[in-house]
Structure formats: structure tokens, C-alpha cells
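This report looks at how a protein chain surrounds the molecules bound to it. Please keep the sequence and the structure in view while reading.

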Amino acid sequence: MAATGESQPAKHQEVGHKSLLQSDALYQYILETSVYPREPEAMKELREVTAKHPWNLMTTSADEGQFLNLLLKLINAKNTMEIGVYTGYSLLSTALALPEDGKILALDINRDNYEIGLPIIEKAGVAHKIDFREGPALPLLDEMVDDVKFHGSFDFIFVDADKDNYLNYHKRLIDLVKIGGVIGYDNTLWNGSLVAPPDAPLRKYVRYYRDFVLELNKALAVDPRVEICQLPVGDGITLCRRIS
Ligand code: SAM
Ligand code: CA
């Protein structure tokens, strides 16, 4: 940096650091070149069915689905959890990545949406890996934390539900994920709203959850129990590898 006499946070360089999210054309290029041609038929079908659903904004994007699938294979995940299933796109990308005897504990307050995707998941031959539980995640996590047999038992946990509970989830998940295992918190860039000026016109739900996401990011950044990496994939995913 130029010598200004005071230390300032380093700014990103312009060349080579342009956020992929700022170019629709580049994003489309990624999808068409690297994602869609390799998307498993079942995931494509589920993506198309979900696109017709009124809450389709909630689904995991195809590039993030591909990322999760590869990540799970890279870390040889076998026992996993997902909080926030909706119609099951990330769930299916997980189920396809796990070995035949792999397991996903899938939690959501809404079973109806899961049932939209279930026939496709069954057809793909991976439904036997999924243990779906309808209901709020927090009480179930509390039960698991109270039972030492669940401690350190998960290789991977994907959190994609109520953002105002992420820090509550983190307090519990840190005991449930194994040392060396990974928790992925989704939507940690929260529509880009984290750096919006105070008077920016934000949708009501975006404004409501923004402070919770900011708090989460701050807390994860200083949590010595995890190594982290915040990736600009989808709406931002922060990977936390438990180290103690
Ligand atoms: N991962 C999903 C996918 O790939 O399509 C998207 C999940 S969507 C963004 C969030 C989900 O969290 C919704 O289906 C909602 O019902 C669920 N949810 C909200 N609050 C919850 C809670 N307290 N416990 C469990 N699930 C919850
Ligand atoms: Ca998400």
C-alpha cells in the first residue's frame, strides 16, 4: 500500500477481484459452461419443479448445489445434517454425493415442500439416506447436545434456515460436528445488503435478518474453535472447519 503514515485496511485490487456476482453474463457463462451440462438429471428435474413454486427464491442455486456435491466428496462425508430443506435441492445434491450407507438428518418446519421433491429423490435412488424430521430445529439440536453419543458425530452440517437462529445453531452444532468436520452457513452475504448504506431501499425481510447475519459473520470471524472461509457462491456460504 502507498505509505500514508497510518495503517488502513487493504482494499482489493481492481483487476482479478471483480466479484463474479456483479456480472450476470459471467454468472450465466458459469452455469452454461460448467454447471448445467454436468447437473444430474434428478437435480435438473427438481430445479425445474421448484421454479414453479411460489417460494422458489429460497432454493439453492445450481452452482451452489454443484459446489456442495463436490465438497462433500472431497471431505469424504458420510454422516451429515441439513437444517432448512424446502423442496430439497441441496438435500438431493448432498444425498447424491454420499456413499450408499451415508446419512442425512434433514430438518424443516414444513414437510409439504419436502414432499414436492421427495418423488424425484426417490426416483434417484437416494431417499434411503435421508431421515427427515418435521419441526423446529433448535429443540432437536438441544436433545442431541444432551446425548453424548451425538457429540462429534457429524462430518458435515449445512445450515440454510431461519437466519435469526444461526448463532443459536452454532452454539449447539459446534459440539455435534466432529473435529475436522465442516459446518456450512448459507446466505452469509445476505443479498449484498450487509454493506448497503443505512437508507438503502431493502425488502422488509432482508432488512429484518440483516443484523443477524452481520452478528453471525462477526462471531464466526473471531471464533477460535473453527477455521473459516466465506465464499461468494450463491448468496455467500461460510465454511467452518472445527479445530477444537
Ligand atoms: N436448502 C433449501 C434448498 O436447497 O432448497 C432451501 C432452504 S429455505 C432457504 C429455508 C427453509 O428453512 C424453509 O424450508 C423453512 O421452512 C425452513 N425453516 C425455517 N425456520 C426453521 C426452523 N426453525 N427449523 C427448521 N427449519 C426451518
Ligand atoms: Ca440458502
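## Polar contacts of ligand 1

In this predicted model, a polar backbone atom of Ala137 lies 3.0 Å from a nitrogen atom of ligand 1. Two side chains also take part: Asp160 places a polar side-chain atom 2.8 Å from a nitrogen atom of ligand 1, while Thr60 has a polar side-chain atom 2.6 Å from an oxygen atom of the ligand.

## The surroundings of ligand 1

On its own, ligand 1 has 610 Å² of accessible area, and the protein covers 89% of that area. There are 18 residues around ligand 1, and those that come nearest are Thr60, Gly84, Ser90, Asp108 and Asp160. Sorted by class, this shell is made up of nine nonpolar, five polar and four charged residues.

## The calcium ion

Asp160, which contacts ligand 1 through its side chain, is also among the protein donors of the calcium ion, ligand 2. Asp160 is listed with two OD donor atoms, Asp186 with one OD atom and Asn187 with OD1, and these donors lie 2.2 to 2.8 Å from the ion. Along the chain, the donors follow the spacing D-x25-D-N.

Which parts of the chain does the pair Asp160 and Asn187 tie together? Asp160 lies in the loop between strand S4 (154-159) and helix H7 (166-176), whereas Asn187 lies in the loop between strand S5 (177-186) and helix H8 (204-221), so the pair ties together parts that are 27 residues apart in sequence. Both Asp160 and Asn187 are buried.

Notes:
Residues numbered from 1 in each chain as written. Chains lettered and ligands numbered in written order. Predicted model: local features only at pLDDT ≥ 70, side-chain atom pairs only at ≥ 80, totals over all residues. Heavy atoms only, no water. Donors = N, O, S within 2.8 Å, 3.2 Å for Na, K, Ca; no water. Helix = DSSP H or I, 4+ residues; strand = E, 2+ residues; numbered from the N terminus. Buried < 20%, exposed > 50% of the residue type's maximum accessible area, 1.4 Å probe, protein only. Near = heavy atom within 4 Å. Polar contact = N/O pair within 3.5 Å; in protein donor to acceptor, adjacent residues only side chain to side chain. Areas by Shrake-Rupley, 256 points an atom, 1.4 Å probe, with all protein chains shown as cover. Nonpolar A, V, L, I, M, F, W, Y, C, P; charged D, E, K, R; others polar.
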